[in-house]
Structure formats: structure tokens, C-alpha cells
Amino acid sequence: MFDSTLIDSLLIRIFRFRTRGFLRMTECDGALPPRPRTGGCYLYVHIPFCEALCPFCSFHRVLLCRPQAHRYFTALRREIELYHQAGFEFSGVYFGGGTPTVEPEELLETIALVRKRFAVRDISVETNPRDLRPPLLAQLRRGGVTRLSVGVQSFDDTLLREMGRFEKYGSGAEIADHIRGAAGLFPTLNVDLIFNLPHQTLASLERDLDLFQTLGANQVSCYPLMTSPAGLRRMAGAMGVPDRRRLRQFYQTIGRRLAPGFAPTSAWCFTRNGGGSDEYIATADNYVGAGSGAFSYLDGTLYSTTFSLAAYEQRIAGGLTGIVTKHQLGDTERMRYALLVRMFGLGLDREWARQHYGPGFFRRLWGELFTLEVLGAAIRDPRGWRLTESGRYWLMLMMAEFFQSVNTYRDAMRDHVQTEQATWGPVARVGHIQAGA
Ligand SMILES: C[S@@+](CC[C@H](N)C(=O)[O-])C[C@H]1O[C@@H](n2cnc3c(N)ncnc32)[C@H](O)[C@@H]1O
Ligand code: SF4
């Protein structure tokens, strides 16, 4: 019998090696990227403001300053208009953060603009438990929001205190009440939970999952705690240090505890009755990231916008996008990226791969596909490769690894504008960012 932890770390090492070039970003001029030639396109809109900052959080977020937020939203809408004028078409939009609902009127105006300009079917918005107020919920629903995603992380009061969220968003019981109040209002109501928090026990996670299933939400995203060097430093005091060796046990508990009511729709998302996946990164061929600290992926090129809010405003005022760096993936890299995100979304369709990458896809990636099969991570059928239960665990690890490298990149970009982000003062040097990951 093999040692599963050894296999996990070996797989991750290989994965790291094979994907080491994904984020080799270099500076670029911020001109509009070309429209994608193949496949559909999604719009991601980043709202980096939060009323308080959580130590574990790996996203691009800054303390809310209302005048700054108003200026930011104005720039954001101009950037969205730029993409419209350039002929981009989006099938859906995802408002992520930060906390997109910090300035509801601005958000609603931005949603209205997106709906006016593009034929979007899905409108997804992230929020926090305190913003689940009935009037705002009604406005969001009237505004066309189809999926509301609430950051809960845990219902355990001790863990909420450690994360600094108890004071901000209330106790686990209060958060549960807020979610009950939002149940049934949106086609999808998603709850974010985090597992492998340093002081989390299996029993605590089980209680979270049991409570979640009584609330009427129809989706749960269970993220492994993802860290970066800066994140680990921030967490070290109140929260402690996570232990990777517990990941498998936590992950298996999640799948078991949520079945049969909730089925996986990606390696870390579970939906009631197995409804469709909401992970645009796994389903959209291309996506445009608008706002500060957002990523785009268009025809095999990855782009990142500036993490400086001042630079972002200046660039938009100058008729540019927020884009400051890019990396054009090589052919094999693009195929590996497609394999990663598709398998993360539970399977790779043979015909889809052939149409997008030609028969060379199977020749170049035979090693990866063979490894997935031999390990029992995927099974091959006439349509393609389907992820198995153990495969889901490995893809969760790989996606977490990928996001951790994104987090390291974010750290580097934020270091660059640290003074600005701490003080809201003017930036000395803007739009000039060079970072590798
Ligand atoms: C950008 S937040 C938006 C939600 C909202 N701001 C809140 O916190 O309530 C989206 C989700 O990312 C997840 N997240 C943030 N940092 C994470 C980390 N270091 N590891 C794993 N998940 C994380 C959390 O589950 C969070 O709810
Ligand atoms: S977890 Fe949510 S509220 Fe906390 S800092 Fe991150 S984005 Fe802001």
C-alpha cells in the first residue's frame, strides 16, 4: 500500500514544476487586448474594498474609503465601456472582491450598465453576512443578480473570533439567521466555507456542514485555506499556522457529510441536486478582468491589472485599461492550463479539446492524461476523462497550489503599492510594475 501523503506531495511538486511559467508576467502598455478569436468570454469585475480586513485573506483588498470607492466605481464603469466599444461580448459577469456590496448604489449602477451593454445570462455577486439585509437583497434581485455568494468561512464562534470576523459579522448563529433570510431569493445562494483553518477540528467542520444544510442555501464552496508568505505572517498571531497533513481528512469529510443532498460541481464547490457549475474559471474559455488587481485570460494570454488604485484611475482617465502585465502562454502551457481548469470542473471533453487545440492536445499531454488514469484520478470514457473521487481531491490540491502562486504574485504587486494602500496617499511611481511568480 502506498503512502498517500507522499503521493500528494510528489504530485504537487510535479504540478509546480510543470506550471512554473504560468505567471511569468512582464510589463505591457495597457492597451485593450484583442477580442478572443475562439470560445465564449466572461467578465470578472473586482471591487477591492472591505470595511475591515481579515488576516487570512489572500485577495486584493483595501480598507474602504468612501470617496475613493466612488471614484473607483466611476473608473470601473469607464473601463467596462471601453470593452463594450471594442466589441467584446460577455455571457456572464462575476463581481468579486473585496466586498462588492460595500457601496450598494454604485454596485447596482454598475450591474445596470453591464446588463445594458452585454447580453449576460449570469450575474454573480460576492457579499458578506452583514450585507444580507432584506432591502439590499430585494434590490440585488431586482437588479438581475442570479447568484449571491456569502463569505461565512465558519459558523464556529471561536474560529470566527480568531479570524476577526465575530465582531464584524456576528456570531455563527446570527450569520445562519441572515442566510436563512436570503434563502430562496436568488436562483443560486452560495455559502463560502474554509477548511484546514489552524485551530479547526473535524467536529467543528462537521457542525458547519450540518448547519449549512439546514439554511436553505443551494450551494457551498469549501476552500482549503490558501496561503502566501505575507498571509502566513498576518495569520501567525491570532490564527496560527495551518497543517497541510490534515487536508485529505477534511476534504473527505466534506464530500461525505454533504452527500447525498449536495453533489460536487467542481473540486471544491457542491450544489444541491448537482446543478450547474458557477466556476467561470472552469467553464469560460476566456475572461476579462476589469478593475484593480484583476486577471484576464484571452486566447492563451494572461493579463493582470494594476494593484494601485491611484494608477488604475489615472490609466482609465487616459483611455487605457487597467492592464499592466501579461504573459502569453506557450502552446503546451495553454493546453496544461486548459487541462487544469477543465479537470477542476470535473472532466475534460475529448471533442472540446480537439476543437480548441487540435489532435496535438492528446499527443502533448499524454503524460499528464496517462498519470491521471494510472493514479485512478480520472477514468476515460468515450466522451473524455471524468474525475474520480480521489481525483477531485488531487485537483483541489492542484488548484489551491495554482491560487497560492497567484497569491504570491498578488503579494509582490501589493508590496509595490504598500504605502498607498496603507495610507491612501498619492503614489510616487505608478503603472510600472514588474513581478514574477
Ligand atoms: C473575496 S471573498 C468575498 C466575500 C466577502 N468579502 C466576505 O469575506 O464575506 C471570497 C471568498 O474567498 C475565500 N478566501 C479568502 N481568502 C482565502 C484564503 N486565504 N484561503 C481560502 N479561501 C479564502 C473566502 O471563503 C471568501 O468568502
Ligand atoms: S475575506 Fe472578505 S471581508 Fe475579509 S478581507 Fe477578504 S474580501 Fe475582505
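Helices H3 and H4 make a good starting point in this predicted model. H3 covers residues 104–117 and H4 covers residues 134–142. Two packed helices are described by the angle between their axes and the distance between the axes. Here the axes come within 10 Å and cross at roughly 10 degrees. Because angles under 35 degrees count as roughly parallel, H3 is described as roughly parallel to H4.

If you would like to find this contact on screen, look on the H3 side for Pro104, Glu105, Leu107, Leu108 and Arg115. Their partners in H4 are Leu136, Gln139, Leu140 and Arg142. Sorted by class, the contact of H3 with H4 has 5 nonpolar residues, 1 polar residue and 3 charged residues.

Now step back along the chain from H3 to the loop that links strand S5 (92–97) with this helix, where you will find Gly98. The peptide bond from Gly97 to Gly98 is cis, with omega near 15 degrees. Gly98 also leads us to the ligand, as this glycine is one of the residues surrounding ligand 2.

Where does ligand 2 sit? Ligand 2 occupies the largest cavity. Around ligand 2 you can pick out Cys50, Leu53, Cys54, Phe56, Cys57 and Arg61, then Gly98 and Thr99, and finally Arg165 and Tyr169. This shell divides into 6 nonpolar, 2 polar and 2 charged residues.

The backbone has a few other spots that deserve a visit. Most residues other than glycine have a negative phi, and most peptide bonds are trans. Against that background, Asn196 has a positive phi of about 75 degrees, although this residue is not a glycine. To locate Asn196, go to the loop between strand S8 (188–195) and helix H8 (202–212).

Further along, a cis peptide bond joins Ala259 and Pro260, and its omega is about 0 degrees. Pro260 belongs to the loop between helix H10 (247–258) and strand S10 (262–264). You can set this bond beside the cis bond from Gly97 to Gly98, where Gly98 lies in the loop between S5 and H3.

How values were computed: Residues numbered from 1 in each chain as written. Chains lettered and ligands numbered in written order. Predicted model: local features only at pLDDT ≥ 70, side-chain atom pairs only at ≥ 80, totals over all residues. Heavy atoms only, no water. Near = heavy atom within 4 Å. 1 Å grid on protein atoms, 1.4 Å probe; cavity = no way out; pocket = protein on both sides within 12 Å on 5 of 7 lines; lining within 4 Å. Sits in = over half its atoms within 2 Å of the grid points. Nonpolar A, V, L, I, M, F, W, Y, C, P; charged D, E, K, R; others polar. Axes fitted to C-alpha atoms, helices over the stretch in contact; angles between N-to-C directions. Helix = DSSP H or I, 4+ residues; strand = E, 2+ residues; numbered from the N terminus. Parallel < 35°, antiparallel > 145°, perpendicular 65-115°, else oblique. Contact = heavy atoms within 4.5 Å.
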